[in-house]
Every structure is written in C-alpha cells, then in structure tokens.
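Here is a quick tour of one protein model, starting from a single side chain and working out to the pockets. Have the structure open and follow along.

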Amino acid sequence: MLTLIYLIAITAEAMTGALAAGRRNMDIFGVTVIAFLTALGGGTVRDIVLGRYPIGWTQHPEYVGLVIAGGLAAVFVARYMKRLSRVFLVLDALGLIAFTIIGCGVAQSMDYHPVVVVMAGMITGIAGGILRDVLCNRVPVVFRQELYASVSFAVALLYLGLIKLGVPHDLNVLASFAVGLTIRLAAIWREWRLPVFMYRHDLH
C-alpha cells in the first residue's frame, strides 16, 4: 500500500513542482528539473545525509520517467488546475505522510538514533518542497504559518513511538498514516496555523 501511495505522491509532487515552475515562466527544461527535485529531492537529501548509497531513485530509473511524465502532464492540464486544487491538496497530504514514514523506516533500518530517525522522516517529507520554493524564489511553505512540517514531525514521533511499543510494522504504518492524514486535512479545512514571529524594528 505504501509503495502505491508513494508512486501517486511523487507524481502529484512532480505536477505541483511543474506548476510552480510555470508561475515563474520557466522553459520545459526548467519545468522538468523543478518537477524532479520536488518529487525526489527529499529522498535524495535524506540518502546523502544518512550516507545511504546508492541513492534510492538511481536504482529505480522508472521513478525518474514517472516524475518527468507527471511534470510534463501538468503543462497540459494546467488550465484545469483550479478545479483540481482540492484533489492536489489531498494528494500532497498523502505524499507528505508517505514520505515521512518511508524516511523514518530507512533511518530505522540503518540503526540510527531516534533523533536522526525523526529528522530523516522530516527531511524526506519536506525537503523537496523547500528545494522547489527556493529555486522558484519563494519563501518555502514549510517556513510559513501552515501546519506542514509540524505534521511531518508528529507523524515521525508517532511512528517511532509505536515501534518502541512493539506495535507490528503494518499496523504502525496504518496508524501513523491515518493519524497524520487526519491532522493534515483538518489543518487545511480548519486553517490551523502556527504562531508567527514578526519583527519590524529598524536597528539603524
């Protein structure tokens, strides 16, 4: 189940990356690069940080084809995106949770400290979006008010906590996924936000 969700998620993330590139009037090469980094950048950064080689997608070249196809598909369906915006919010939420759990699982399998396991999950979940926003000259969504990175953090903690309690892996994944998705969708629906730090005093 997690693999299927992962494939859906990287395709959806590739499309959101392509749309972000389109807002910056990038050419097709720029669109494909941003699509790739949005979809697979988080896992790439995680593998580099953890020293996990070869990097995941290099062993699955079909993933590269999938995300590029998703990015290019976004070019042709962009005119319909307003109608599909809610669908993409749900797909993005699925991706965030799936990436986080997968990232935690990778670090856990390498016997890293629990703190590193949590960080690996978060990196996998949010780094792709950060790369997308930075390259598109925007303040990353995860650094603004929206409950996004905090949801990834909560899912990682829950996943790790259930491991410590001896919960079977499949049940752990199901529970972590359900709780994380519920929180993320509720945050979107209820517009939950983190407190914002605003500092405008001129030091000169």
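## Around aspartate 47

Leaving out residues up to four places away in sequence, aspartate 47 touches Arg52, Tyr53, Ile55 and Gly56, where contact means heavy atoms within 4.5 Å. This is a predicted model, so local features need pLDDT of at least 70 and side-chain atom pairs count only at pLDDT 80 or more, while totals for chains, interfaces and linings use all residues. Residues are numbered from 1 along each chain as its sequence is written, and side-chain values use heavy atoms, with hydrogens and water left out.

Aspartate 47 is found in helix H2; helices here are DSSP runs (H or I, at least four residues), numbered from the N terminus. Is aspartate 47 buried or exposed? Aspartate 47 is buried, because its relative accessible area is 0%; the label buried means under 20% relative accessible area, exposed over 50%, and partly exposed in between (1.4 Å probe, protein chains only).

The side chain of aspartate 47 also makes a polar contact with the side chain of arginine 46, at 2.9 Å. That term stands for a pair of N or O atoms within 3.5 Å; within protein, one must be able to donate a hydrogen and the other to accept it, and residues adjacent in sequence count only if both atoms are side-chain atoms.

## Salt bridges

Side chains of opposite charge can pair when their charged atoms come close. How many salt bridges does a search of the whole structure find? The search turns up four, a salt bridge being a side-chain nitrogen of Lys or Arg within 4 Å of a carboxyl oxygen of Asp or Glu. Three of them go in the table, with their N to O distances.

| Acid | Base | N to O distance |
|---|---|---|
| Aspartate 47 | Arginine 52 | 3.2 Å |
| Aspartate 133 | Arginine 132 | 2.9 Å |
| Aspartate 133 | Arginine 138 | 2.5 Å |

Arginine 52, which pairs with aspartate 47, is partly exposed at 30% relative accessible area. Over at aspartate 133, the acid itself is buried at 1%, and arginine 132 counts as buried too, at 12%. Arginine 138 is partly exposed, with a value of 28%. Back in the other group, salt bridges that share partners join Arg46, Asp47 and Arg52 into one network.

## Two pockets

On to the open space. A pocket is worked out on a 1 Å grid over the protein atoms alone, as an open set of points where a 1.4 Å probe fits, with protein on both sides within 12 Å along at least five of seven lines; lining residues have an atom within 4 Å of a point.

The largest pocket has a volume of about 630 Å³. Among its 19 lining residues, Thr16, Arg23, Ser85, Phe88 and Leu89 are the closest to the centre. Helices H1 (2-23), H4 (81-109) and H7 (169-190) each supply at least two residues of that lining, and H4 gives the most, with five.

The second largest pocket holds about 420 Å³ of space. It is lined by 21 residues, and the closest to its centre are Tyr6, Arg46, Gly56, Tyr63 and Ile102. H1, helix H2 (28-50) and H4 each give two or more residues to this lining; H2 gives the most, with seven.

Technical notes. Points joined across faces, edges and corners; volume = space filled by probe spheres on them.
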